[in-house]
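Q: Could you take a close look at one part of this model for me? I'd like to hear about a helix and what packs around it, plus whatever else stands out nearby in your notes.

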Amino acid sequence: MEIISETRSYGGIQGVYCHPSDVCACDMTFGLFIPPAATLKPVPLLWYLSGLTCTHANAMEKAGAQAHAAKHGFALVLPDTSPRGAAVANDPGFDLGQGAGFYVNAVQDPWKAHYRMWDYIVDELPLLLAAHFPLDMTRQSISGHSMGGHGALTIAMAHPERFQSVSAFAPISHPSRSRWGRKQFMAYLGTEESDWAKHDSSLQMRDVGFDGPVLIDQGGADQFLDLLMPEALAQAMFKRRQNGQFRLHPGYDHSYYFISSFFEDHAQFHADAFSAVPA
């Protein structure tokens with residue numbers, strides 16, 4: 001693993017690291033904030049999955065997250081959103097290919113050689129983190145924005161034994177019925193729509209739900225509301241009587257101004273979930 005940078009932040013260390021990935025068959029980069037509490041004992045871990053066109057750096061630089069992670073004493077990992085490199089398949093559109101991995105394992109050409117973001121987040125990167133950093137991997141939670149919110153929700157519902165809580169900012173909530181989803185699922189997963197269900201948070205909320213608490217924040221002035229389809233997820237949560245909150249904030253859009261405005265709430269939400277599990 002290569003250290004790209006390590007910078008002091010709020011008493012902790014904001015690092016950027018690169019490593020060869022067997023799963024994605026290319027080098028992968030991630031950001032990791034380690035709080036000052038980690039000098040005393042292993043700390044809980046919050047995953048943050050970013051959205052379309054983003055890298056590891058967007059939330060790292062724009063969300064104001066380090067202050068809240070330092071305050072509550074948890075680490076924050078910020079993976080990239082896709083495999084990258086000259087040998088990695090791409091597409092001219094911003095919503096497919098590099099920067100748009102959608103947190104699935106592709107089974108279609110030309111994507112299947114590298115686009116295995118589900119396995120990267122669920123299997124490979126956790127093992128790397130546990131081996132190299134002072135983390136308490138028995139206490140993990142997950143969050144994300146837009147495409148990353150979709151990833152956070154579907155991964156959490158598939159692995160409830162791993163995550164104490166899950167939250168999302170403006171998630172792509174019903175991708176099997178949205179242009180932000182159908183295009184990508186068809187390219188990565190094929191035309192059989194039954195194979196898409198595990199990657200649709202509204203369908204998974206309806207069918208399996210999540211064992212822990214859920215927090216969803218959505219901007220009421222989000223310019224992508226018709227693509228996000230938040231009403232499908234809200235209805236599924238209500239019908240299931242899921243332990244959770246779905247909050248609609250008038251006037252907020254899809255940007256990091258929205259995320260940074262409410263990240264403190266999400267940090268407290270996950271810190272409360274961590275505190276419910278013995279260290």
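A: Here's a walk through one helix, then a buried serine, then a pocket. Keep in mind that this is a predicted model.

Let's start with helix α2, which spans residues 65-72. Its buried residues are A65, Q66, H68, A69 and A70. Residues three or four places apart in an α-helix point the same way, because there are 3.6 residues a turn. As for what sits over the buried residues of α2, the cover includes three strands, β1 (2-9), β2 (12-21) and β3 (26-34), along with β5 (75-79). Helices α1 (57-62) and α9 (256-275) are part of that cover too. Right after α2 comes G73, and its phi is positive, near 75°.

Helix α9 also leads us to the serine, since α9 covers residues 256-275 and the side chain of H270 makes a polar contact with the side chain of S167, at 2.8 Å. S167 itself belongs to strand β7, residues 163-169. Is S167 buried or exposed? It's buried, because its relative accessible area is 0%, and the cut-off for buried is under 20%. Leaving aside residues up to four places away in sequence, S167 touches I142, S143, G144, A152, L215, H266, F269 and H270.

Last, the largest pocket. Its volume is about 220 Å³, and 13 residues line it. L52, T53, H145, F224 and H254 are the ones nearest its centre. By type, the lining splits into six nonpolar and seven polar residues, with no charged ones.

Technical notes
Residues are numbered from 1 along each chain as its sequence is written. This is a predicted model: local features need pLDDT of at least 70, side-chain atom pairs count only at pLDDT 80 or more; totals for chains, interfaces and linings use all residues. Side-chain values use heavy atoms; hydrogens and water are left out. On a 1 Å grid over the protein atoms alone, a cavity is a set of points where a 1.4 Å probe fits but cannot get out, and a pocket is an open set with protein on both sides within 12 Å along at least five of seven lines; lining residues have an atom within 4 Å of a point. Grid points are joined across faces, edges and corners, and a volume is the space filled by probe spheres set on the points. Ala, Val, Leu, Ile, Met, Phe, Trp, Tyr, Cys and Pro count as nonpolar, Asp, Glu, Lys and Arg as charged, and the others, Gly among them, as polar. Buried means under 20% relative accessible area, exposed over 50%, partly exposed in between (1.4 Å probe, protein chains only). Helices (H or I, at least four residues) and strands (E, at least two) are DSSP runs, numbered from the N terminus. Contact means heavy atoms within 4.5 Å. A polar contact is a pair of N or O atoms within 3.5 Å; within protein, one must be able to donate a hydrogen and the other to accept it, and residues adjacent in sequence count only if both atoms are side-chain atoms.
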